[in-house]
Amino acid sequence: MQPTSHAFKQNVHRALGDADLQKSLAFFKAGFAVKRDEAAARLPEFEALRDTGIAIKKHVLAHLDFYLERFATNVEKAGGQVHWCSTPDDGRKAVLEILRTYGATTATKSKSMVAEEMGINEFLEENGIEPVETDLGEYIVQLAHEKPSHILAPAIHKTKDQVADLFLARHKTKRLTEATDMVAEARQFLRPRYLAAGAGITGANFLIAETGSIILVTNEGNAELTQILPKVHIVLATVEKVIPTLDDASTFLRLLARSATGQEFGTYTTLATGPRRAGDPDGPEAFHVILLDNGRTKILNSEFREILRCIKCGACMNACPVYGTVGGHAYGWVYPGPIGAALAPNLIGLEEARHLPNASTFCGRCESVCPMRIPLPKLMRQWREQEHVKKLSASRYRWGLGLWAFAAKRPTLYAMGARAGSRILRCFGASRGRFASLPLAGGWTATRDFPAPEGTTFRTAWARRGRSG
Amino acid sequence: MAEKKPRVGLFVTCLVDLFRPTIGFAAVKLIEDAGCTVEVPSQQTCCGQPAYNSGARQHTKDIARLVIALFEGFDYVVAPSGSCGGMIKAHYPELFADEPAWHARAEALAAKTHELVSFLVDVRGMKNVAARYDGVVTYHDSCSGLRELKVHGQPRALLGTVQGLTLKELPNANVCCGFGGTFCIKYPEISTRMVSDKVADIAGTGADTLLAGDLGCLMNMAGRLSREGRKVKARHVAEVLAGMGDRPAIGEPVKKR
């Protein structure tokens with residue numbers, strides 16, 4: 001996927017003017033985030049569960065090589081194969097080779113953000129293989145020739161009306177108005193595709209080192225049909241998804257569902273271990289895991305390591321007021337919202353992604369709901385520090401900041417400036433108490449009045465009372 | 001013998017100093033009512049947040065060193081702002097993680113630094129105020145105070161003792177108003193939409209006054225309220241608690257005397 005993060009401001013402008021998107025976002029803001037808070041409040045041990053989860057993740061990240069090798073060994077013991085891939089390109093090639101081996105011309109897919117990271121759909125199409133999205137949101141996004149705008153709810157930016165139009169164009173039945181009817185129609189159209197698929201491609205929520213299993217959580221059951229029915233099951237996963245044991249998985253599954261959607265547990269939670277065994281009633285003939293690094297081991301050894309604790313629940317974007325205002329596409333790459341702002345510069349470069357860590361008020365709501373307590377504002381600030389050091393921000397802004405900092409370190413000069421500033425502003429703004437426009441503050445006064453100062457600085461007034469400290 | 005009163009250093013904050021001294025005087029009154037003496041070091045400038053959040057770590061550290069040196073001699077440091085209070089309390093120690101001597105000083109300062117209203121209630125045990133404000137108010141929880149310093153129940157508890165005042169809770173009170181310091185200048189379009197949503201929520205309560213604990217957020221919301229022609233006044237919570245709610249509100253003209 002070609003990032004458009006550098007054009008963040010233009011993306012934002014478009015998003016704010018998109019009435020359908022704004023309608024969808026208004027609905028979204030009142031949904032997941034509220035349900036998450038309610039679910040967290042209902043579970044007395046929720047905070048303790050977070051601590052347990054974090055401890056497990058810290059341990060895994062400190063011994064990542066050990067657990068990955070253990071996972072790979074156990075996948076092979078169960079009859080599967082692991083493909084170690086450094087780059088998305090390595091991953092794409094490995095997938096294609098498997099598909100060619102099995103003569104697959106279509107592949108069903110359940111939702112996977114790693115697949116987006118690898119740009120797998122475009123690649124398969126270029127190579128004559130049709131990818132069929134089976135997650136309802138991904139299916140909608142595929143029909144619209146778009147990308148997911150949310151890591152959990154890919155089509156959260158679409159209104160029901162827009163979906164109705166897309167379905168009508170594709171399914172050529174009558175135009176539906178009820179969501180339940182649309183879901184039923186999509187199911188009906190997808191069912192034969194599952195049966196005809198030459199391969200099933202899924203992501204993985206967790207990789208279990210002790211058993212070589214993968215865990216998938218969905219609310220639609222589509223991942224189950226994707227992995228069980230075709231001859232070959234291909235799993236796309238990044239290296240940080242590995243956890244030690246099934247016991248550990250129970251901790252994360254409880255955290256994941258509550259943090260993501262406020263559910264106690266995902267509707268479908270499925271473990272897959274290797275291909276079909278003798279005597280199994282169903283299952284694929286072959287089981288392949290594409291284990292992708294794509295920069296994760298570099299992140300592991302950097303000041304951004306905490307990102308790798310992420311369990312991809314989406315709680316940070318559900319809670320983020322900026323995401324809720326502009327939607328996911330404005331971020332211009334695979335992972336939007338606060339986690340995207342912290343992660344993207346690692347993967348697509350700071351020059352491309354520099355707006356993302358800047359476009360935050362540091363309100364801290366993301367960190368407060370992150371089940372892994374990833375210090376997202378801190379990580380975004382670290383990017384701002386790199387941007388400052390590399391002088392990537394606008395020179396006008398850096399000059400202004402430098403001038404201000406020069407004064408802030410010189411109390412006498414600063415006090416003089418403050419006194420003069422308050423007096424001048426008061427002089428011009430006293431009659432109305434506010435400014436409708438102000439030089440150098442156009443970004444503010446275009447849409448907000450600027451309150452005028454009371455007229456003298458506090459410290460001057462305080463000194464006049466003869467009570468200076 | 002009467003116990004010696006604690007000495008409080010008032011961290012005025014650069015915004016209050018420049019724009020709204022009333023908040024500073026309200027803070028002084030409340031801290032004195034809580035049994036403390038107040039001093040205002042005249043050499044203070046800013047907590048350093050504009051530099052910190054712009055990634056200018058060296059500038060931030062230089063400014064933080066000045067603040068630490070200026071305030072470390074007090075029994076307590078109090079700021080009428082969750083944002084600046086949070087900067088000193090939550091971020092100064094982290095800033096000096098690699099300088100043990102300064103880190104210890106930053107930790108010591110952080111331990112005795114408080115946001116104004118939480119200082120009154122949590123540290124000084126203030127249960128009520130002697131103030132009157134005839135009106136319906138709504139309260140916005142500014143982000144840093146709420147999440148970094150856990151300021152939530154304290155202002156509500158004290159507001160509950162102000163005579164004549166009715167508090168109507170603001171829907172989405174824990175959602176950012178879109179100020180975000182330099183954010184509102186760097187991304188004015190996003191900021192405007194956020195503050196417009198906030199103003200709609202405020203108007204929806206039917207309150208005649210908006211209160212909050214941070215002047216930056218208040219200037220943002222007051223500026224949007226008046227631009228939309230809404231008649232809601234905006235004040236710092238300390239003004240009402242200190243019985244100074246009769247002064248012109250934020251963005252209102254000074255009355256001719």
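The following exchange discusses a predicted model with chains A and B.

Student: What are the conventions here?
Tutor: Residues are numbered from 1 along each chain as its sequence is written, and chains are lettered from A and ligands numbered from 1 in the order in which they are written. In this predicted model, local features need pLDDT of at least 70, side-chain atom pairs count only at pLDDT 80 or more, and totals for chains, interfaces and linings use all residues.

Student: How many residues does each chain bring to the contact?
Tutor: Chain B gives 61 residues and chain A gives 53 residues, two residues being in contact if their C-beta atoms, placed from the backbone, lie within 7 Å.

Student: And how does the side of chain B that touches chain A divide?
Tutor: That side of chain B has 31 nonpolar, 17 polar and 13 charged residues. Nonpolar means Ala, Val, Leu, Ile, Met, Phe, Trp, Tyr, Cys and Pro, charged means Asp, Glu, Lys and Arg, and the others, Gly among them, are polar.

Student: Switching topic, how is chain B divided into domains?
Tutor: Chain B has domain 1 (7–122) and domain 2 (127–241), with bounds from an automatic or database domain assignment.

Student: How far apart do their C-alpha centres lie?
Tutor: The C-alpha centres of domain 1 and domain 2 of chain B lie 22 Å apart.

Student: How many residues are in contact between them?
Tutor: In chain B, 29 residues of domain 1 are in contact with 22 residues of domain 2. The domain 1 side comprises 14 nonpolar, 11 polar and 4 charged residues.

Student: Which residues is B:Met221 in contact with?
Tutor: Leaving aside neighbours within four places in sequence, the contacts of B:Met221 include B:His140, B:Cys177 and B:Val195.
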